[in-house]
Amino acid sequence: MTAPAERCRDDDPRIVLSARAIRKAYPGTVALKGVDFDIHHAKVNVLIGENGAGKSTLMKILAGIEQPTSGTLHYRGEALHLAHPREAIKRGIGIVHQELNLCANLNVAENMFIGKELKGPVGTVRLDRQRRIATEVLTRMGQRINVDALVQELSIGERQIVEIAKVLVSEVDVLILDEPTSSLSKAEVGVLFSLIEELKRQGVSIVYISHRLEELIEIGDTFTVLRDGNLAGTGTAGEVTVDWLVTRMIGAQMEGPLRDGRAAATFADRPVALRVEGLEASGVNGGLALKRLSFSIKRGEIVGFYGLMGAGRTELFETLIGLRRALAGTIEIEGQRLPLDGTIAERIRAGIALVPEDRQKLGLVPNRSVADNLLLANLERYAGITGLRSGRMRRDVSRCIDELMIKVSDPDVLVSTLSGGNQQKAVLGKNLLTEPRILLLDEPTRGIDIKARRELFEVIDRLAESGLTILYASSDLGEIIGGADRVLVMSQGRITADLQREELTEARLVASSQVQRRDTRKESA
Amino acid sequence: MMTDSIGTTPRAGASHSFRSLPLLLLRLRAYLALIFLVVLFSLVAPSFLSSRNLVIVAEQVAVFAILGIGMTFVILASGIDLSVGSIAGLSAMITGYLISEGLRLPFVDVAVFAHVVLVCAAALAIGTLVGMINGWFITRLRVTPFIMTLGMLYVARGAAQLVSDGATYGDLSGQAALNNEGFLLLGTGRLLSVPIPIWLMVALALVAIYVTRRTVFGRQVFAVGGNERAAELSGVRVNRIKIGTYAISGFCAALAGLIIASRLGAANPAIATSYELNAIAVVVLGGASLFGGVGTIGGTLVGAFVLGVLSNGMVLVGISDFWQTVITGAVIVLAVVVDQLQRRVEKSMSERRARQA
């Protein structure tokens with residue numbers, strides 16, 4: 001930690017926005033315990049910390065969404081009080097939230113101008129001008145998203161880009177990015193980074209929050225680490241390394257792969273758990289999301305699905321669980337063919353379970369307890385003559401909480417109060433209670449920190465050892481390389497590579513994820 | 001004005017709509033249903049197309065449409081307003097009171113009779129105010145819209161009864177001596193041989209279409225209905241927008257009450273009882289989603305015509321009251337079923353295109 005005397009003074013012109021002794025108390029917890037934070041002019045100011053360290057709370061205070069219990073903000077040397085997000089927006093403080101905040105019923109251009117509509121005479125909206133500016137911003141970002149498309153037709157990755165574009169349509173002075181890359185693939189992260197460089201040149205100060213450490217080292221100029229609501233360290237580019245960050249985040253060193261992979265030979269004489277032949281399914285925008293997809297997976301294997309945004313990983317999982325109807329092909333579980341028009345309930349009975357990417361929307365009932373959520377998918381099993389058998393339910397819940405290491409004081413606590421990592425484990429637990437044979441995990445570590453990620457993979461490893469077949473989709477190379485026994489790379493709805501663990505390199509994965517991009521563009525032209 | 005322009009948000013794949021006849025028929029179903037009903041009733045009941053009857057239909061439709069337009073704003077912002085029938089009743093009773101008895105000042109035994117324009121303005125202002133009270137309780141005190149407006153349904157109806165102690169004001173024609181004649185013109189007068197209520201409906205609809213399509217307020221109503229939190233975080237004054245929608249609904253309800261009272265030439269406290277259900281039905285028939293964010297004023301107008309023609313035609317054909325009620329309910333449910341069907345057809349068509357590609 002820097003000594004107070006060395007710290008930049010409040011009237012330092014290089015500091016755009018400074019927070020001093022920020023404290024934020026919620027009923028029952030203190031999220032921030034007197035934190036100082038400086039945003040340097042035209043720099044990427046990295047803020048890092050585990051879940052619950054207070055990063056998001058601090059950012060919400062800077063964006064006027066929350067008000068600090070005590071402490072002061074200074075904007076270009078003047079005291080600043082932000083009672084409402086609108087006041088922050090007016091001063092050019094823009095925030096891209098970790099959770100997506102778009103109106104699905106409106107189109108891309110309209111979403112980008114919500115709350116800052118371009119007004120013509122007598123309160124009219126200048127829709128054409130909004131469209132033109134929206135198109136310009138997206139083009140500058142190197143994106144080919146149609147501004148007339150409804151947001152509900154976009155994939156999560158595309159929505160994330162719209163979310164960033166939304167901040168850029170107005171003049172920003174300070175841009176806060178709260179985990180902007182959690183659902184972007186490598187190529188898109190590249191696009192984002194060149195955009196950030198461009199913004200820096202224009203004099204925009206950036207606050208960047210992420211869990212991907214290599215990414216932070218690459219982009220960051222100054223670094224601030226939070227731990228349990230306290231400042232755990234500050235540093236500048238050059239002196240900061242991944243180890244330096246990790247040490248301050250959790251106070252201990254951690255490196256190496258997420259789990260030990262198992263060689264192909266291990267699975268040689270195991271039965272095939274899942275076989276897919278010639279699977280086809282349509283996408284949202286009328287194209288084919290899956291194009292004659294074939295693969296087979298042995299029992300107990302952990303298979304990672306890598307690919308760029310829109311490669312079809314989510315669509316594949318949705319088709320397997322029956323959420324999306326397959327147009328052609330076959331799906332076999334342990335040699336048994338499943339009807340293509342089967343319902344989700346039938347697929348679950350056949351032994352498939354899906355942990356969706358958007359766990360808050362699709363995975364949990366936020367206003368119910370952890371126990372209720374865990375039992376939700378499987379209530380029939382507890383039905384007795386006298387109603388639900390509470391003893392068995394309690395036993396299964398506590399077993400589930402123990403096995404998955406869900407950190408919760410009491411199973412009757414609201415699930416929405418858990419941290420991201422523990423919520424993810426709760427979704428996992430809910431699905432495990434249905435006793436699946438094949439578990440599908442879509443971006444299982446989206447928005448959860450390294451420690452929770454490591455724990456999650458420990459759990460996955462143990463489940464695979466006990467005979468569960470696991471498929472997971474991820475855009476994170478480290479997670480793919482360090483977590484899977486085998487990796488299937490997808491591009492444009494096809495499988496473009498099937499790599500064993502020992503063959504995995506970043507270069508090969510990235511190369512195969514780009515395959516056929518050009519061909520498809522020709523097709524659609 | 002009812003076709004989609006760049007400013008609105010056509011559904012996915014709208015550009016392909018003309019390639020498939022069944023889908024096109026589904027999309028235009030509200031209009032087709034209206035045409036079908038008109039043709040059917042004019043064949044079965046020759047008096048249906050008589051100008052006398054058409055005026056009756058249109059007057060009935062005008063009231064439904066005006067209530068529906070207000071309701072559309074509320075529903076677009078994912079609210080609901082159950083109090084519009086009572087507000088209409090209250091507005092009618094206040095008008096009746098001001099015209100028949102005048103405003104009695106306390107302590108001095110004087111009654112002030114105002115010009116009808118002022119009387120109408122007062123009734124409209126009170127309706128708007130009641131709507132704002134709805135909005136204020138819903139936004140500031142976090143009462144859910146259903147409960148708040150259900151409560152207001154009782155409160156406003158009770159207030160309407162209190163105005164006259166439950167009695168009816170039997171003659172609203174006013175007196176020349178008091179210079180308050182002319183109220184009946186609102187409901188029974190004609191301009192270019194079209195009844196005034198129709199003109200009011202058209203004018204209100206044009207303004208509402210403009211507001212929803214082209215104004216900041218209108219676009220923010222859609223944003224609030226689509227994702228309230230996103231709107232809030234983008235700096236939209238969500239509470240104001242919501243209060244605004246209830247105020248509009250209250251204003252429209254008061255206007256409907258004026259028209260009804262003027263047409264009857266009398267005001268009684270039971271006017272427009274259960275009309276809130278008609279208003280909601282009209283909006284739903286027009287294709288709006290009760291979850292908010294989806295719907296158009298044009299759709300609501302068509303919905304009002306479908307409901308108006310249906311109820312008038314059934315009377316002419318001689319269908320019993322009880323069956324009329326059953327059929328009306330069935331048509332409302334059918335509208336939603338067909339809406340879902342359209343979505344499914346659109347989806348399977350885009351799948352088929354995807355396979356051919």
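**Exercise 1. How much area is buried between chain B and chain A, and what percentage of it do carbon and sulfur atoms give?**

*Solution.* Keep in mind that this is a predicted model. Let's take the interface step by step.

- Step 1: the area buried between the two chains is about 3000 Å².
- Step 2: carbon and sulfur atoms give 56% of that area.
- Step 3: turning to residues, chain B brings 33 to the contact and chain A brings 36.

**Exercise 2. Find the salt bridge between chain B and chain A, and describe the side of chain B that touches chain A.**

*Solution.* Start with the charged pair, then widen the view.

- Step 1: the count of salt bridges between the chains is one. Its partners are B:Arg219 and A:Glu110, with the closest N and O atoms 2.4 Å apart.
- Step 2: eight residue pairs are in polar contact between the chains, both residues being at pLDDT 80 or more.
- Step 3: in chain B, the elements that each supply at least two residues to this side are α8 (196-214), α9 (216-226), α10 (228-233) and α14 (321-356). Of these, α9(B) gives the most, with six residues.
- Step 4: sorted by kind, the residues on this side of chain B are 13 nonpolar, eleven polar and nine charged.

**Exercise 3. Locate the salt bridge of A:Arg76 and A:Asp173, and say how accessible each partner is.**

*Solution.* Place the pair among the 24 salt bridges found over all chains.

- Step 1: the closest N and O atoms of A:Arg76 and A:Asp173 are 2.8 Å apart.
- Step 2: A:Arg76 sits in the loop between β4 (70-75) and β5 (78-80) of chain A, while A:Asp173 sits in the loop between α5 (156-168) and β7 (174-178), 97 residues apart.
- Step 3: A:Arg76 has a relative accessible area of 43%, so this residue is partly exposed. A:Asp173, at 14%, falls under the 20% cut-off and is therefore buried.

**Exercise 4. Are the partners in the salt bridges A:Arg486 with A:Glu301 and A:Glu443 with A:Arg313 buried or exposed?**

*Solution.* Treat one pair at a time.

- Step 1: A:Arg486 and A:Glu301 meet at 2.8 Å, N to O. A:Arg486 belongs to strand β21 (residues 486-491) and A:Glu301 to the loop between β12 (288-298) and β13 (302-307) of chain A, 185 residues apart. Both A:Arg486 and A:Glu301 are buried.
- Step 2: for A:Glu443 and A:Arg313, the closest N and O atoms are 3.8 Å apart. A:Glu443 lies in the loop between β19 (438-442) and α15 (450-465) of chain A and A:Arg313 in helix α9 (residues 313-321) of chain A, so the pair ties together parts 130 residues apart in sequence. Both A:Glu443 and A:Arg313 are buried.

How values were computed. Residues are numbered from 1 along each chain as its sequence is written. Chains are lettered from A and ligands numbered from 1 in the order in which they are written. This is a predicted model: local features need pLDDT of at least 70, side-chain atom pairs count only at pLDDT 80 or more; totals for chains, interfaces and linings use all residues. Side-chain values use heavy atoms; hydrogens and water are left out. Contact means heavy atoms within 4.5 Å. Buried area is the accessible area (1.4 Å probe) that two parts lose on being put together, summed over both. A salt bridge is a side-chain nitrogen of Lys or Arg within 4 Å of a carboxyl oxygen of Asp or Glu. A polar contact is a pair of N or O atoms within 3.5 Å; within protein, one must be able to donate a hydrogen and the other to accept it, and residues adjacent in sequence count only if both atoms are side-chain atoms. Helices (H or I, at least four residues) and strands (E, at least two) are DSSP runs, numbered from the N terminus. Ala, Val, Leu, Ile, Met, Phe, Trp, Tyr, Cys and Pro count as nonpolar, Asp, Glu, Lys and Arg as charged, and the others, Gly among them, as polar. Buried means under 20% relative accessible area, exposed over 50%, partly exposed in between (1.4 Å probe, protein chains only).
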